[in-house]
Amino acid sequence: MRTWLLFLTFPILLKAQCDKTPNTTPTTWYVATNGNDTNTGTVLRPFRNIQKAIDTARPNDIIELRGGTYLLNNELRIRTSNLTLRSYASEWAIIQAPTHIEDISSTIWYSEPCVVGGMIENLEIIGGYYYGLKFENNLGWDEPIVHGTSNIIVRNCIIHHTGRDCIKLVPYCDNISILNCEIHHSGVGIANVSAQNAEGIDNVNGDQMLVRGCYIHDIATT
């Protein structure tokens with residue numbers, strides 16, 4: 001008689017970064033276009049890649065980008081609560097992703113629904129196959145409580161020339177504030193993701209969103 005062994009594999013959802021313990025004293029990490037990821041992330045020895053700083057940081061930390069353009073070869077994934085990402089004082093950082101590579105679906109993606117709190121400030125965000133900035137939920141994750149990234153402030157940013165929507169909120173992404181931002185030129189991607197559905201801000205059932213003092217123009221649809 002033959003015995004058959006059946007092995008079932010299931011995806012493992014890694015959310016450990018949301019469980020990081022905050023630093024006793026919040027740390028400011030620095031990134032520069034001429035930095036190096038073997039550096040310590042200080043102002044004198046900055047990192048080169050923004051994702052390196054994001055993955056190193058803990059809740060309540062700050063990441064400051066020195067002036068210049070940061071060209072991405074992957075989307076930035078924020079998986080830490082209460083993290084601030086901003087330009088260095090009196091400088092202007094530009095984060096740019098391509099619009100023709102589907103794997104880079106967003107320029108900045110709050111990819112973990114357990115993220116609560118944080119800020120993106122004084123940055124220029126360009127591109128993304130679908131979105132410049134996306135907030136995620138856990139629908140379909142087989143978890144008992146449905147929730148999404150919440151309590152994020154986006155302030156004094158310019159978000160533009162995205163493949164589809166400039167900013168995307170999915171259900172349960174609540175209390176997102178978009179303040180004093182310029183949002184323009186949505187839907188510039190290739191034909192299958194372009195102006196047929198490309199809002200400036202596409203909020204799908206996220207509650208208590210606040211939009212104030214923004215200049216929204218040259219939007220492909222709504």
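**View 1. T38, an exposed loop residue.** In this predicted model, T38 has a relative accessible area of 66%, and because that is over the 50% cut-off, we call T38 exposed. You'll find T38 in the loop that runs between strand 1 (28–31) and helix 1 (50–56). The T38 side chain isn't without a partner: a polar contact of 2.8 Å links it to the side chain of N36. Look also at K52, 14 residues away along the chain; the C-alpha atoms of T38 and K52 are separated by 9.8 Å.

**View 2. A five-stranded open sheet.** Here the strands run in the order 4-7-10-13-16, with parallel pairing. Strand 4 (76–77) and strand 16 (201–203) sit at the edges, so to speak, each pairing on one side only. As a reminder, strands of a sheet pair through backbone hydrogen bonds, either parallel or antiparallel.

**View 3. Strands 7 and 10 side by side in the sheet order.** Zooming in on one pair from that sheet, strand 7 (residues 106–110) meets strand 10 (residues 131–135) in the parallel sense, over four bridges. Which residue of strand 10 is the bridge partner of W109? That's K134.

**View 4. Pulling back to the protein chain.** The chain has one helix and 18 strands. Of its 222 residues, 50% are buried. The chain exposes about 11300 Å², and carbon and sulfur atoms supply 51% of that area. As for contacts between residues at least 6 apart in sequence, 73% join residues at least 24 apart.

Notes: Residues numbered from 1 in each chain as written. Predicted model: local features only at pLDDT ≥ 70, side-chain atom pairs only at ≥ 80, totals over all residues. Heavy atoms only, no water. Pairing = 2+ DSSP bridges. Helix = DSSP H or I, 4+ residues; strand = E, 2+ residues; numbered from the N terminus. Buried < 20%, exposed > 50% of the residue type's maximum accessible area, 1.4 Å probe, protein only. Contact = heavy atoms within 4.5 Å. Areas by Shrake-Rupley, 256 points an atom, 1.4 Å probe, with all protein chains shown as cover. Polar contact = N/O pair within 3.5 Å; in protein donor to acceptor, adjacent residues only side chain to side chain.
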